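User: I would like to learn how to read the features of a structure. Could you take me through them one at a time?

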Amino acid sequence: MSVLKSFFKDTVIYGLAIVLPRLINFLLVRLHTDVLPNEGYSENTEFYVVAAFFNVILTYGMETSFFRFFSKNKDKNKVLSTAMITIVLSTFIFGTLLLLFRIPISETLRINTDFYTLLVGITLIDTLIVIPFAYLRVTGKPIKFALIKLLNVLVIVALNVLLLSKAYGSDRLRQLFNVDNNVEYIFIANLIASAVVLVLVLPYFFKAKLQFDTHILKQLLNYGWPIMVAGLAFVINENLDKWLLPEMEGEFVNGAYSACYKLAVFMTLFIQAFRMGAEPFFFNHSDKENATQTYATILKYFTIVGALGLMIVVIYIDVLRPVFIKKESYLLALDIVPIVLLANLCLGIYHNLSIWYKLTDRTRFGMYISIVGAAITIAFNLIFIPKIGFMACAYATLIAYGLMMLISYALGQKYYPVPYDINRIGIYLLLSAGLSFITYYYFDRDILIGTVFLLFYIALIAFLEKKELQLLLKRS
């Protein structure tokens with residue numbers, strides 16, 4: 001139980017480092033949807049879809065590779081130095097090529113040339129800071145990690161308010177940048193904030209004595225390239241809908257869909273917080289006694305909390321929604337929220353299950369599973385968007401992540417058996433989803449009925465997990 005206590009402590013700290021900044025940043029959804037028309041919000045979304053692809057390609061799985069080999073290699077300086085040198089050199093090469101061919105690439109990606117230059121700047125800086133942030137996490141410095149992350153988002157928020165807000169904006173600052181499209185202010189704010197973070201983490205580039213080991217590099221690349229492919233497949237699963245909708249349904253619909261998709265951010269934040277704490281923990285504790293039992297317990301409680309979050313957001317969507325989206329034109333796609341929330345919960349369970357292929361160095365399986373998910377996403381969207389519109393995108397995401405979760409569990413039990421309590425996990429997942437969907441679609445979002453369902457779910461957890469929860473509290 002002391003191991004679990006350590007895990008939960010780190011996860012809470014990393015969770016705050018991820019959740020608090022992103023939650024603050026999420027508050028910008030209200031500002032953006034108030035200021036931008038649906039079409040402008042669609043442009044903003046498409047920009048970050050391309051940025052997600054660039055980030056995966058430019059980091060090529062190096063972050064997770066660094067975790068793996070920094071934890072297991074005795075000469076940690078060589079791992080750190082080799083990873084740093086490799087990322088810096090590759091970023092310089094990629095950046096040069098992206099800027100040299102900016103016109104044909106930007107036209108192919110349907111991005112304004114000025115936007116594209118900002119996009120390259122943001123992704124290059126974000127790539128450079130990957131290893132310093134990974135170093136902070138793997139060496140147990142969550143406070144520094146959290147403070148830098150928080151500062152980053154505070155800069156973004158402050159600049160967004162100054163550049164976009166009618167009530168609190170600065171005309172002098174807006175004149176300094178002289179843009180034709182308000183959405184460009186969002187990208188400028190992001191670039192400045194990323195540059196501030198780069199300055200703050202510069203000392204970590206000099207933490208290690210310069211050493212370059214080709215053997216370590218080969219290990220990092222061999223471990224990392226399947227993760228990169230899996231990352232690209234994940235970006236397809238997560239973002240292809242927002243890339244296809246402008247072409248198939250129009251920018252207006254994509255703007256509404258993208259804004260409502262953001263309401264699932266609470267589940268996304270929970271998953272990201274969990275991963276930040278879990279990934280180093282899983283690697284560092286893989287050789288400990290009863291490690292698999294620990295992993296099994298973590299997944300059960302992850303599901304309990306995630307399922308509880310699903311119910312809360314769905315049941316109280318009419319209370320939460322006006323805080324973030326007020327303009328009626330964006331509510332066109334509100335019905336996707338329960339489906340996307342459940343899809344993201346399945347994704348979170350998949351990430352938890354994926355420890356088997358990371359610990360056994362079978363990262364190619366992660367690539368295969370993600371490719372299956374991407375294939376489903378592509379096929380489902382292309383076939384069904386013309387038939388049922390944007391709802392096809394939500395269903396495609398749920399089917400893809402649900403299947404990935406099941407495949408990962410089946411393969412994991414073969415190569416790295418973990419005694420997951422599948423019966424309990426299945427009950428919590430299916431019951432929370434069923435009660436949430438009934439509340440939203442059948443009872444038309446009736447808060448009273450939904451609250452009764454929520455209390456029933458909490459009571460069931462308390463009854464089934466009473467003994468284990470008491471033990472956890474006594475040991476805490």
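**Reading a helical chain**

Analyst: Happy to, and let us begin with a single residue in this predicted model. Thr45 has a relative accessible area of 12%, so it counts as buried, the cut-off being under 20%.

User: Where is Thr45 placed, and which residues does Thr45 touch, leaving out those up to four places away in sequence?

Analyst: Thr45 sits in helix α3. Leaving out residues up to four places away in sequence, Thr45 touches Lys242 and Ser258. Ser258 is also one of the buried residues of α13.

User: Is α13 itself largely enclosed or open?

Analyst: For a helix, count how many residues fall under the burial cut-off of 20% relative accessible area. In α13, residues 251-261, nine of the eleven residues are buried, so the rest of the structure largely encloses this helix. Among those buried are Val253, Asn254, Gly255, Tyr257 and Cys260.

User: And how many residues of α3 are buried?

Analyst: Helix α3 is mostly covered, with 16 of its 22 residues buried.

User: What span should α3 have, and what span does the model give?

Analyst: Here you set an expected length against the distance between the helix ends. At 1.5 Å a residue, α3 (residues 38-59) should span 32 Å, and its end C-alpha atoms are 32 Å apart, so the two agree.

User: Which residue follows α3?

Analyst: That is Tyr60, in the loop between α3 and α4 (62-72). Look at its backbone angle: phi is positive, about 35 degrees, although Tyr60 is not a glycine.

User: Is Tyr60 buried or exposed?

Analyst: Tyr60 has a relative accessible area of 12%, so it is buried.

User: Which other residue could I set beside Tyr60?

Analyst: Try Arg110, which also is not a glycine and has a positive phi of about 60 degrees. Arg110 belongs to the loop between α6 (102-108) and α7 (113-128). With a relative accessible area of 33%, Arg110 is partly exposed, whereas Tyr60 is buried.

User: What does Phe453 touch, not counting residues up to four places away in sequence?

Analyst: A contact list shows what packs against a side chain or backbone. Phe453, in helix α22 (residues 447-464), touches Met311, Leu435, Ile438, Thr439 and Phe443 on that count. For a sense of distance across the model, the C-alpha atoms of Phe453 and Thr117 are separated by 50 Å, and the two residues are 336 apart along the chain.

User: Now the whole chain: how many helices and strands does it have?

Analyst: The chain has 23 helices and zero strands. For its overall form, compare the radius of gyration with that of a compact globule. A compact globule of 476 residues would have a radius near 23 Å, and this chain has 22 Å, so the two agree. Along its principal axes the C-alpha trace spans about 65 × 60 × 40 Å.

User: What share of the chain is buried, and what share of its contacts with a separation of 6 or more comes from residues 24 or more positions apart?

Analyst: Buried residues make up 54% of the 476. Among contacts with a separation of 6 or more, 84% join residues 24 or more positions apart.

User: What about the surface and the charges?

Analyst: The accessible surface comes to about 20,800 Å², and 66% of that belongs to carbon and sulfur atoms. The chain carries 40 positive and 31 negative side chains, with the centres of the two sets 12 Å apart.

Technical notes
Residues numbered from 1 in each chain as written. Predicted model: local features only at pLDDT ≥ 70, side-chain atom pairs only at ≥ 80, totals over all residues. Heavy atoms only, no water. Helix = DSSP H or I, 4+ residues; strand = E, 2+ residues; numbered from the N terminus. Rg over C-alpha atoms; globule rule 2.2 N^0.38 Å. Buried < 20%, exposed > 50% of the residue type's maximum accessible area, 1.4 Å probe, protein only. Contact = heavy atoms within 4.5 Å. Areas by Shrake-Rupley, 256 points an atom, 1.4 Å probe, with all protein chains shown as cover. Lys, Arg positive; Asp, Glu negative; His and termini not counted. Charge placed at Lys NZ, Arg CZ, Asp CG, Glu CD. Expected span 1.5 Å × (residues − 1).
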